[in-house]
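This report introduces the pockets, the interior and selected local features of one protein structure. The reader is invited to follow each section with the sequence and the structure at hand.

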Amino acid sequence: MLNDAQARHCARMREYLAEQITSADGWLSFERFMDMALYTPGMGYYSAGAHKLGVGGDFTTAPEVSRLFGACVARQCAEILSALGGGSILEIGAGSGRLAADVLLGLERLGLLPARYWILEISADLRERQRRQFAQHLPHLQERVHWLDQPPEEYFDGLVLANEVLDALPVTRFRWHPDKVEELGVVIDDSRFAWAPRPASVGVALACRRLAEAGGAWDDGYVSEYCPRLIPWTCSVTRSLRTGAALWFDYGLPRSQYYLPERHDGTLLCHFRQRAHGDPLIYPGLQDITAWVDYTSLAEASRAAGFTLSGFTTQSFFLAGSRIDHEMQTMAGGDANQFARLANEARQLMLPGEMGERFKAMAWLRGLEVSLSGFAMQDLRHTL
Ligand SMILES: C[S@@+](CC[C@H](N)C(=O)[O-])C[C@H]1O[C@@H](n2cnc3c(N)ncnc32)[C@H](O)[C@@H]1O
């Protein structure tokens, strides 16, 4: 059941989307629907005031599961900052600010604090939450944190960092037939939003043929999605990084696995009050809408942006390579109960049935040669 405020918010978002569908002659591409449902100023999921992450929110991310995640990311950042002789960090989509806080505290311990920690955050509500997080947990480091509306104009050396942001980029949804490709969009049917196909444009049809070649023999009616913004968006947010690394964490697969024939309904995943489901047309403005990341596309983006693809591995192996065992010992400080709690959190981050295998880590390097411990234990680049 929705409370009154949620019901009003959802009704306003529906009304807005319905107007957009009507003014687009009754059919709106899913990519535009997802964009509006997530980002319409004042109404979209990321632009309006839902609680979103953690206890009482819609979903939980790795930094919210355990401070071990941020501590391991900090170790990886330290290797890069050390090779550069210092630098700044740009985090995109910082959520509650937990990862930023843990990375800064970890880097402080390691004596490698960045000159600046920028946060590129689209949600005004989450920016406020991030400010509170820093005021509460690291008041002495607050002056290093700056918020941005756009990637920095000036060139900088250091790192770009993003956890679970790429999955929110709007995707094109398509349906495959041996003789034609359709793009799926949203229409109004009996006052409800419903899926409806249209013949795909040449661009969408060509993109789908490439994916079909990678995935295998699709049956008639195979449905999936791809993210046309992935390459331009990642190139644009990393453009001002002169020397350093970009680290990406998210759930996803290499293209040949993403588009396997048996994955015939794509990977769209919505989150509402800690429940995951596959219907993005309900609760617009109140629920998160995501799709898995095609990591082959992200590898192509690294080349397009002039980076070297330096590592690709599962979250589990990234954390093992970043010495999560050592972080557990340090954080527990000899307390057996603390150690047991941390071991439990580590299991959630690392077990294959939890976040360990679905989530991957990818590293890009620009103008820098350094071997990254987080990627040293397992190299999955050959799968891309
Ligand atoms: C799923 S949350 C992940 C938050 C955090 N990184 C974590 O791991 O807990 C997605 C975050 O990305 C932000 N976001 C989504 N799309 C964005 C965009 N296009 N540009 C910048 N931030 C974005 C959201 O507001 C939110 O902070």
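## The largest pocket

The largest pocket has a volume of about 680 Å³. Its lining consists of 38 residues, among which I92, G93, E121, I122 and V165 are the closest to the centre. The model described here is a predicted one.

Several elements supply at least two residues each to the lining of the largest pocket: helix 2 (30-39), helix 3 (62-65), strand 2 (88-92), helix 5 (98-109), helix 8 (230-238) and strand 13 (288-290). Helix 8 provides the largest share, with 3 residues. Sorted by class, the lining of the largest pocket contains 19 nonpolar, 9 polar and 10 charged residues.

## The second largest pocket

For the second largest pocket, the volume is about 300 Å³. Of its 17 lining residues, T60, H271, M355, R358 and F359 are the closest to the centre. Strand 11 (269-272), strand 12 (275-277) and helix 14 (352-356) are the elements that give two or more residues to this lining. By class, the lining of the second largest pocket comprises 7 nonpolar, 5 polar and 5 charged residues.

## The enclosed cavity

A general principle applies to the search for empty space. Rolling a probe the size of a water molecule over the atoms shows where such space is left.

In this model, the count comes to 1 cavity of 30 Å³ or more. The largest cavity holds about 80 Å³ of space. It is lined by 13 residues, and V171, C227, W292, V293 and D294 lie nearest its centre. The lining of the largest cavity has 11 nonpolar residues and 2 charged residues, with no polar residues.

## The nonpolar core

The largest nonpolar core has 122 residues, of which L349 and W364 touch the most other members. Helix 4 (residues 67-84) contributes the largest share of this core, 9 residues.

## Helix 10 and its surroundings

Helix 10 spans residues 295-304 and is mostly covered, with 8 of its 10 residues buried. The buried residues of helix 10 are Y295, T296, S297, L298, A299, E300, A301 and S302. At the N-terminal end of helix 10, D294 acts as a cap: one of its side-chain oxygens lies 2.9 Å from the backbone nitrogen of T296. D294 is also among the residues nearest the centre of the largest cavity. Helix 10 is followed by G306, which has a positive phi, near 80°.

E300, one of the buried residues of helix 10, has its C-alpha atom 7.4 Å from that of I231, although the two residues are 69 residues apart along the chain. I231 belongs to helix 8. Is I231 buried, partly exposed or exposed? I231 has a relative accessible area of 27%, which lies between the cut-offs of 20% for buried and 50% for exposed, so I231 counts as partly exposed.

## Cysteines

How many disulfides does a search of the whole structure find? The search finds 0 disulfides. C208 is in no disulfide, and its nearest cysteine sulfur, that of C227, is 13 Å away. C235 is likewise in no disulfide, the nearest cysteine sulfur being that of C227, 12 Å away. Because a disulfide requires two cysteine sulfur atoms within 2.5 Å, neither of these separations qualifies.

C208 has a relative accessibility of 0%, which is under the 20% cut-off, so C208 counts as buried.

Definitions and conventions. Residues numbered from 1 in each chain as written. Predicted model: local features only at pLDDT ≥ 70, side-chain atom pairs only at ≥ 80, totals over all residues. Heavy atoms only, no water. Buried < 20%, exposed > 50% of the residue type's maximum accessible area, 1.4 Å probe, protein only. Helix = DSSP H or I, 4+ residues; strand = E, 2+ residues; numbered from the N terminus. Polar contact = N/O pair within 3.5 Å; in protein donor to acceptor, adjacent residues only side chain to side chain. 1 Å grid on protein atoms, 1.4 Å probe; cavity = no way out; pocket = protein on both sides within 12 Å on 5 of 7 lines; lining within 4 Å. Points joined across faces, edges and corners; volume = space filled by probe spheres on them. Nonpolar A, V, L, I, M, F, W, Y, C, P; charged D, E, K, R; others polar. Core = buried A, V, L, I, M, F, W, Y, C linked by side-chain atoms within 4.5 Å.
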